[in-house]
Amino acid sequence: MDRLDNTVRPYAWGSPTAIPKLLGVEPSGEPQAEMWMGAHPGAPSRTARGTLVEVIDADPKAELGEAAVARFGPRLPFLLKILAAGAPLSLQVHPDLEQAREGYEDEERRGIPVDAPDRNYKDANHKPELICALTEFDGLCGFRDPERTAELLDGLGVDSLKPYVDLLRARPEDAALREVLTAILAADREEMAHTVAEATAACTRLGGDYAPYADIAHHYPGDPGVIAAMLLNHVRLQPGEALFLGAGIPHAYLNGLGVEIMANSDNVLRCGLTPKHVDVPELLRIVRFEAGDAGVLRPEAAPDGEEVYETPIDEFRLSRYVLPEGTAAHDLTVPTPQILLCTAGTVRVGAYDLTAGASVFVPAGEKAEASGAGTLFRATVIV
């Protein structure tokens, strides 16, 4: 197995302290948003044998196993991260596999450079993801019931929001959500900035259920995404709880530290809370206009103390072991590739003592045992 040396990405929304605190190092003063573990070409993990991309490319079947290569090709199909949000991320959705392939092929045919700011599809893959909270973690996930949203908007007492309130109450669910989101994103920017300012003042004054949206507006003054965000469920995860974000589900992470796993893709369509490109027609093609609760996940017990976060995705499987002092070693050997990440305490895996933030890559079928006292996350695939 290989100990991983991982890159931390300094995106502007990142917390300057959360990842350094986890790692037990001094903050640099800059935002530290995501630590990437895997073989994504943008920032592959480094090992004593080279980058994880180079290691896998040298012998995919030995590193990933024949079954995983047959199912997903000669690449690691997931990316594992530690994510530290100090400010809200952009409001966004991800395409399903068919939509991603169609969108990618269309933009390739039209000759849009893959690094162009108005490019939607960087690859032909979908990007389902799962976030598991290490601290209290705030996010937005999925559309709230339209009647409840109408009450929330109406309670602000902002006249320019009345048409949205009326639409939410008068139209069937899918049509109401589609028409209101479309109207928000298509509105005159100057008029919308005035509406957002009024709504922000009201949210700040009222607090309670409005407080998360006041905070969003503080970071993105005048952004139409502030009003779009009010269409979504606000959820606060406790440590160990998780959210699964499937295709077409609008979402945003707001604040907190978590372990995130996703299919190895860069495909994001943004709805707001960003200076980046927002392709409204394509966004409306991808979004699922369905209301429901946020769907908080809690781990399900499996044999040998493993706790599994069940999702409908095969490209990744996330689980954890919470190991008390004095327990016998756990055999983690599986016929699929895995990344093991310690998030608390000290866990010995093979020849490595992993402390918080340390990780190893274990090739398919290689013997792996875990012992010690701490929390160990396992990322692998289903074949």
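**Figure 1. R109 and its salt bridge within helix α5.** R109 is exposed because its relative accessibility is 65%, where exposed means over 50% relative accessible area, buried under 20%, and partly exposed in between (1.4 Å probe, protein chains only). D106, at 28%, is partly exposed. The two side chains form a salt bridge with an N to O distance of 3.8 Å; the term stands for a side-chain nitrogen of Lys or Arg within 4 Å of a carboxyl oxygen of Asp or Glu. Both residues belong to helix α5 (residues 97–109) and sit three residues apart, about one turn of the helix. Helices (H or I, at least four residues) and strands (E, at least two) are DSSP runs, numbered from the N terminus. The model is predicted: local features need pLDDT of at least 70, side-chain atom pairs count only at pLDDT 80 or more, and totals for chains, interfaces and linings use all residues. Residues are numbered from 1 along each chain as its sequence is written, and side-chain values use heavy atoms, with hydrogens and water left out.

**Figure 2. The salt bridge between E147 and R169.** The closest N and O atoms of this pair are 3.5 Å apart. E147 lies in helix α6 (residues 146–154) and R169 in helix α7 (residues 162–170), so the salt bridge ties together parts that are 22 residues apart in sequence. E147 has a relative accessibility of 35% and is therefore partly exposed; R169, at 41%, is also partly exposed.

**Figure 3. R171 with E179, and a network of salt bridges.** In the salt bridge of R171 with E179, the closest N and O atoms lie 2.7 Å apart. R171 is partly exposed at 39% relative accessibility, and E179 is partly exposed at 28%. Elsewhere, E147, D154, K162 and R169 are joined into one network by salt bridges that share partners. The whole structure holds 26 salt bridges. Side chains of opposite charge can pair when their charged atoms come close.

**Figure 4. The buried residue S359.** S359 is in strand β20 (residues 359–362). This residue counts as buried because its relative accessible area is 0%. The side chains of S359 and N6 are joined by a polar contact of 3.0 Å, that is, a pair of N or O atoms within 3.5 Å; within protein, one must be able to donate a hydrogen and the other to accept it, and residues adjacent in sequence count only if both atoms are side-chain atoms.
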